[in-house]
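Work through the exercises below with the model open. Try each task before you read its solution.

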Amino acid sequence: MNTSIQSSPISSSSEASWLSRFRDSDIWASFKRSKLTMVAAGIAVLFILAAICAGVLSPQDPFDPAQLELLNSRLPPIWDAEGQAPFLLGTDEQGRDIFSAILHGLRISLAVGILGVAFSATLGIALGLIAGYFGGFTDTLIMRIADVQLTFPAILIALLIDGVVKSVLGGELDAGTILSVLVFSIGLSFWVQYARTVRGSVLVEKNKDYVAAAKLIGLPASTILIKHILPNVTGPVLVIATINLALAIITEATLSFLGTGMPETMPSLGTLIRIGNNYLFSGEWWIVAFPSFALAMLVLSINLLGDWLRDALNPKLR
Amino acid sequence: MTDSHYVDVRDLRRVFEVSKPWLNRILEGGDRQFLKAVDGISFQIAKGETFALVGESGSGKSTVARMVVGLLPPSGGEVRIDNVPMVGRASSTERQRLRRRIQMIFQDPYASLNPRWRVAEIVAEPIRAFALIDGERDIKARVGELLSLVGLHPADGAKFPHEFSGGQRQRVAIARALASNAEFIVCDEPTSALDVSVQAQILNLMRDLQDRLGLTYLFISHNLAVVRHMASRIGVMYLGRLVEISGGRELFSSPKHPYTRMLLDAVPDLDMTSRQRLPVSGEIPNPINPPSGCTFNPRCPFTNERCRAEVPLLRDGVACHAIHEGRLSPLAAA
Amino acid sequence: MGAPVLSVRNLKVEFVTRRGVLKAIDDVSFDIERGEVLGVVGESGAGKSVTGSAVIGLIDPPGRIAGGQILLNGERIDNMSPEQIRKVRGKRVGMIFQDPLTSLNPLYTVGEQLEETIQTHTNLTRAGARKRAVDLLAEVGIPAPDRRIDSYPHEFSGGMRQRVVIALALCADPELIIADEPTTALDVSVQAQVIALLKRLGRERGTAIMLVTHDMGVIAETADRVAVMYAGRIAEIGPVEKVVRQPLHPYAQGLMGAIPTLKGHIHRLTQIPGSMPRLSAIPPGCSFNPRCPFAFERCKVDRPEAIARYEHPVACHLYDQSSAKVEVASDR
């Protein structure tokens with residue numbers, strides 16, 4: 001009896017470590033195949049490291065007015081005849097080192113971008129899960145709100161929220177509050193895409209039998225959603241999050257450029273570009289050029305990573 | 001309650017609305033449309049028995065399965081298991097206690113196991129949900145025991161479902177169904193996604209487990225040969241109704257209903273190489289707009305006026321006017 | 001009798017992946033005569049569908065034909081240019097797939113599709129093509145063909161659609177029809193009708209038919225000869241009564257015993273342990289040896305070639321006289 005139930009032994013179950021499984025995966029293979037992706041990943045990692053180590057790498061603290069010398073203002077980059085050490089990329093009108101300002105600005109831009117994406121993804125995933133799983137009126141309500149939101153451009157919504165919050169809280173706000181407002185407004189303007197994508201995936205997943213099996217043992221909907229369905233809808237979310245990170249950084253830069261974002265005392269890349277913009281015609285090109293270049297490279301590399309991730313996670317496109 | 005009524009299904013009905021959306025109906029006209037997927041089905045299953053429902057696509061057999069386990073609320077009728085009603089009156093603790101005893105094996109082993117979970121976690125989930133065993137070590141031991149029971153290795157628990165073949169996944173699904181010490185297992189086309197040699201392994205395993213654990217099966221399939229091999233009693237469904245219900249051997253040796261006869265004649269079978277078949281005619285009608293009277297009447301060679309007007313009731317194990325009136329006698333055993 | 005309609009000689013098909021070259025078809029040979037139905041049967045991964053695709057030149061990269069010859073009425077078609085093979089497809093070789101919807105364009109009526117195909121391959125006029133289309137629909141058993149010809153594919157039921165696809169395959173009066181799981185998507189009662197139709201057409205028109213399916217029942221009903229495939233090779237090929245009733249190869253024996261039938265009564269089905277190896281892990285020697293109850297030393301190292309000791313070829317060392325030591329019971 002016992003032997004009749006036994007099937008042939010299954011291939012020896014050597015438990016592969018997480019790392020070696022990743023090295024064996026299709027994602028890693030497709031990463032290694034694409035040179036462009038590797039370069040983009042290299043640049044993105046470089047930017048992130050630079051932002052993290054900004055305090056160590058930069059010769060001065062650009063947020064500390066005490067360290068700024070007006071004597072050093074408007075110095076050109078170091079390779080120019082008038083350039084001075086340690087101001088690698090020159091200085092602005094307050095004597096702030098552009099290189100240090102970019103490193104610190106990068107940190108703020110990335111922080112706003114990542115926090116904004118995290119906020120919008122959390123909101124969007126939660127609403128998408130609920131709409132897709134419960135359906136009916138809940139679904140209609142959430143998705144109609146999403147439809148209405150889609151008719152407004154993200155930047156307009158961000159401006160609107162920014163304006164409302166500022167008028168409610170009144171007058172001058174400290175940099176920390178402004179940062180939160182930016183994260184909040186970017187989060188609110190990007191959630192729709194997550195909600196729609198997640199809802200679509202949930203509609204497919206909830207009819208699969210592993211969900212039926214979970215219902216059979218009487219698990220509550222919240223458990224089924226979080227433990228069973230959520231892990232199976234994260235693939236597309238990851239792609240959107242990567243591409244949205246670039247978008248969020250750009251949105252923050254636009255808001256700061258328009259003057260509703262980070263203040264000059266704690267500049268992000270967008271603020272730096274706005275400041276530099278004023279000096280473009282008086283010949284101090286470096287004040288605007290280097291922050292713009294940094295922003296462009298950051299956004300481009302993240303976008304390339306997002307494109308690759310989308311292709312790698314969706315074999316049908318290959 | 002006797003053991004012969006362990007599972008008692010009475011007059012089970014299920015209607016699906018298939019109307020166009022509300023706004024389209026207002027603008028384009030048209031009434032609400034309903035599909036009677038299951039239309040008044042009754043049967044009993046004795047403890048330790050295998051009862052099978054066979055039918056082609058659209059017969060409503062899978063809908064019955066989902067109502068019996070409680071995944072789908074019936075539009076009418078009643079399902080009682082061990083005298084506890086599945087819907088309505090039972091308290092939630094009573095129903096949770098019942099849930100532990102009823103499990104299901106699904107058709108597609110690629111969709112019935114969560115691809116992101118390790119097999120050990122999948123099998124352990126019912127144990128945790130019903131708090132059957134305390135302590136991680138004991139749960140792990142029980143999972144290993146269950147995996148061995150279905151012919152896998154306890155170490156396979158560390159793998160993900162995609163590392164297994166279809167047959168092995170179906171074994172995992174069976175282990176999960178057994179994890180809560182279930183007594184009654186509803187099997188919805190458990191082998192139709194598998195290759196024949198693997199199908200044989202799974203069918204043998206299911207029979208061995210039944211012998212060993214005294215399981216009761218409701219076996220849903222479109223494959224007559226598989227049903228014949230597995231079931232002690234069989235119900236034949238056509239367009240949401242039971243047209244015939246009889247003992248396993250009897251159904252194949254002396255089928256009564258004209259539809260059953262047609263099906264038996266249509267199955268390509270190994271032992272009937274190059275035989276001449278009786279011509280089979282027509283296809284299953286659209287269930288949204290089924291024929292009046294007996295739904296099989298447009299394809300039936302024995303149709304008369306009454307068949308077109310009046311729905312035959314299941315009597316003496318068959319729902320057919322021609323048999324009831326004596327116009328048609330059951331096929332003699334060959 | 002003359003030359004066979006289709007002759008496949010030592011066919012090899014490979015798939016190039018980043019993990020190396022996988023042999024999907026490894027040295028497969030068979031013939032199909034005029035009016036004959038050859039059933040190609042096997043479980044998923046056996047290579048039966050790939051064989052069908054290779055014959056009609058539908059192997060797309062990363063797959064490739066790595067060796068052997070395919071002859072259609074004596075003419076080599078495996079080395080033809082894509083343009084030439086396209087002409088062979090449809091005109092000389094008709095195709096029927098599992099899902100009729102993939103073969104029919106939903107935007108055109110059935111008549112338009114039939115007429116277009118007829119006019120591409122013959123020099124009939126429009127009126128002539130239409131008449132022939134109506135005749136074809138009548139031949140495949142579609143009631144009131146002169147009215148149904150102007151319907152769109154979605155207006156037909158599943159079984160009727162498959163009949164239309166068969167009519168489409170017959171348009172140019174092909175020498176060979178390749179039917180890949182033609183009845184798998186259909187209900188039992190409809191399946192029987194389509195099988196009967198295929199059988200009748202082969203008989204009446206003298207068309208050779210290669211019927212690829214996993215369903216032994218369909219093969220037993222329809223085919224004249226059967227090729228049982230396992231892991232990219234033919235294990236056994238012979239007349240249907242012989243292979244179904246008295247299979248020689250241990251795999252074929254296991255397969256036949258594993259199928260529940262409508263007659264007789266057995267408590268347990270024969271069960272072949274394990275499952276078909278993945279293409280990336282085909283065992284050396286006889287690819288069936290790890291699952292074979294009769295395997296001996298030679299099976300693990302030496303790959304068996306087809307032996308025609310009995311009435312039909314079987315690739316198994318048990319039947320090789322030089323190593324014969326076990327006489328296999330051939331009654332199942």
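**Exercise 1: A leucine and its patch**

A:Leu88 counts as partly exposed because its relative accessibility is 37%; buried means under 20%, exposed over 50%, and partly exposed in between (1.4 Å probe, protein chains only). This is a predicted model: local features need pLDDT of at least 70, side-chain atom pairs count only at pLDDT 80 or more, and totals for chains, interfaces and linings use all residues. Residues are numbered from 1 along each chain as its sequence is written, chains are lettered from A in the order in which they are written, and side-chain values use heavy atoms, without hydrogens and water.

Task: Where is A:Leu88 placed in chain A?

Solution. Step one: find the loop between helix H5 (54–57) and helix H6 (98–134) of chain A; A:Leu88 lies there. Helices are DSSP runs (H or I, at least four residues), numbered from the N terminus.

**Exercise 2: Two helices**

Task: At what angle do the axes of H6(A) and H9(A) cross?

Solution. Step one: take helix H9 (residues 175–205) of chain A; its axis and that of H6(A) cross at roughly 35° and come within 5 Å. Step two: sort the residues of this contact, which are 25 nonpolar, six polar and one charged.

**Exercise 3: The whole chain**

Task: How many helices and strands does chain A have?

Solution. Step one: count 14 helices and zero strands in chain A. Step two: check the extent; the C-alpha trace of chain A spans about 90 × 50 × 35 Å along its principal axes. Step three: of the 318 residues in chain A, 47% are buried.

Conventions. Axes fitted to C-alpha atoms, helices over the stretch in contact; angles between N-to-C directions. Nonpolar A, V, L, I, M, F, W, Y, C, P; charged D, E, K, R; others polar.
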